[in-house]
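I opened this model to look up a few local features and note them down. These are my entries, in the order I made them.

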Amino acid sequence: MPRRQSWFTADPHIGHLKVAELRGFTDVEDHDAELARRWDAAVTDVDLVWVLGDLSAGGKGAQLRALRWLAERPGTKRLIAGNHDGVHPMHRDATALLPDYLKVFESVGLAARRRIGGVEVLLSHFPYQDSTDPADTHNRYEQWRLPNLGVWLLHGHTHSGQRVRGHAIHVGVDAWELGPVPLSAVAELLRTPG
C-alpha cells in the first residue's frame, strides 16, 4: 500500500475569472484545468491535503461548482475556511452550505495546529495580524487573524509569490507554481528559513 503524504494549498479560486486573469489565463476553464493537472500529478488517493481557504469566489452556484471540481481531485481533504468560502462564520448564513462542504471535506475549521519536523505550526487562511506582506496592503479581516506569538504559521489569502516572511509560510498556489505544497517542502523551510 502506498505511503500517505501530506500536502498544503490555498486560494485555488476555481471559476474566478479575475484571479485567473491575474495568473495569466484568458479563460477560466483553462485556469481550472491547469490547477487540476498540477494537483492530480502530485496528490494520490491516499494522501491528505489541507486546503487553507478560498476555493472560489461568488455565491452558492460558484461554490458548488468549486466543490465539484475539488471532489474530482485525489486525496482526503481538510478545509481551513477563507473569506470567500461560504462556510466561514463571517458570513451570516455560514451553516447553509456546510452539508455540501462536508461531502467533500473530512473536516472544516477556522484554524488548526500541527507538528511538522518537531516544529509547532498553526494553519489559517489569513496571515498573522501584524502581517508585513506588501501583497496584504488592506489588512482586512483583523478579527479572523491569529496574533503572532512566535509560532510558525502556514497561510494563504495574500496571493503573493513570496513563500516565507518572518515566521509565516505562504502555501497559496500563487507562490507554488499553481500546485499543492508537499509536507517535505514545508519541513525544509522550517529547518532553513529566510
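Entry 1: an acid in a loop.
I started at Asp47, which sits in the loop between α2 (28–42) and β2. I keep in mind that this is a predicted model. Which side chain of opposite charge is nearest to Asp47? I found Arg4, 6.2 Å away; Asp47 has no salt bridge although it is buried. The cut-off for a salt bridge is 4 Å between side-chain nitrogen and carboxyl oxygen, so a distance of 6.2 Å does not qualify. What I did find is a polar contact of 3.0 Å between the side chains of Asp47 and Trp7. I then listed what Asp47 touches beyond four places in sequence: Arg3, Arg4, Gln5, Trp7, Ala42, Gly75 and Thr76.

Entry 2: the glycine on that list.
I looked up Gly75 next and located it in the loop between α3 (60–71) and β3. Buried or exposed? Gly75 is buried, at 16% relative accessible area. Leaving out residues up to four places away, Gly75 touches Val43, Thr44, Asp45 and Asp47. I also checked Gly75 against Gln5: the two are 70 residues apart in sequence, while their C-alpha atoms are 9.4 Å apart in space.

Entry 3: the sheet.
I traced the strands and got an open sheet of 5 in the order β4-β3-β2-β1-β10, with mixed pairing. Each of β4 (105–109) and β10 (181–182) has a single partner strand, so these two form the edges and one side of each has no neighbour in the sheet.
I then went through the pairs. Strand β1 (residues 6–9) runs parallel to β2, with 4 bridges between them. Trp7, already noted for its polar contact with Asp47, stands opposite Val49 in β2. β2 and β3 are also parallel and joined by 4 bridges, and Val49 stands opposite Lys77 in β3. Between these two strands the chain passes through α3, in a right-handed β-α-β crossover. β3 (residues 76–80) in turn runs parallel to β4, again with 4 bridges; there Lys77 has Phe105 as its bridge partner.
What covers β2 (residues 48–51)? I noted that both of its faces are covered: Leu48 and Trp50 are buried on one side, Val49 and Val51 on the other. As background, side chains in a regular strand alternate between the two faces of the sheet.

Entry 4: salt bridges.
How many salt bridges are there? I counted 13. I wrote up some of them.
Arg23 pairs with Asp174, with the closest N and O atoms 2.7 Å apart. Arg23 is in the loop between α1 (17–22) and α2, and Asp174 in the loop between β9 (168–170) and β10, so the pair ties together parts 151 residues apart in sequence. Arg23 is buried at 14% relative accessible area, and Asp174 is partly exposed at 24%.
Glu34 and Arg37 form a salt bridge at 2.6 Å, N to O. Both lie in helix α2, 3 residues apart, or about one turn. Glu34 counts as buried at 18%, and Arg37 as partly exposed at 48%.
For Glu120 and Arg113 I recorded a salt bridge with a closest N and O distance of 3.0 Å. Glu120 is partly exposed at 25%, whereas Arg113 is exposed at 64%.
Last, I noted a network of salt bridges that links Glu29, Asp32 and Arg65.

Technical notes
Residues are numbered from 1 along each chain as its sequence is written. This is a predicted model: local features need pLDDT of at least 70, side-chain atom pairs count only at pLDDT 80 or more; totals for chains, interfaces and linings use all residues. Side-chain values use heavy atoms; hydrogens and water are left out. Two strands pair if DSSP finds at least two bridges between them. Buried means under 20% relative accessible area, exposed over 50%, partly exposed in between (1.4 Å probe, protein chains only). Contact means heavy atoms within 4.5 Å. A crossover is right-handed if, with the strands pointing away from the viewer, the path from the first strand over the helix to the second runs clockwise. Lys and Arg count as positive and Asp and Glu as negative; His and the chain ends are not counted. A polar contact is a pair of N or O atoms within 3.5 Å; within protein, one must be able to donate a hydrogen and the other to accept it, and residues adjacent in sequence count only if both atoms are side-chain atoms.
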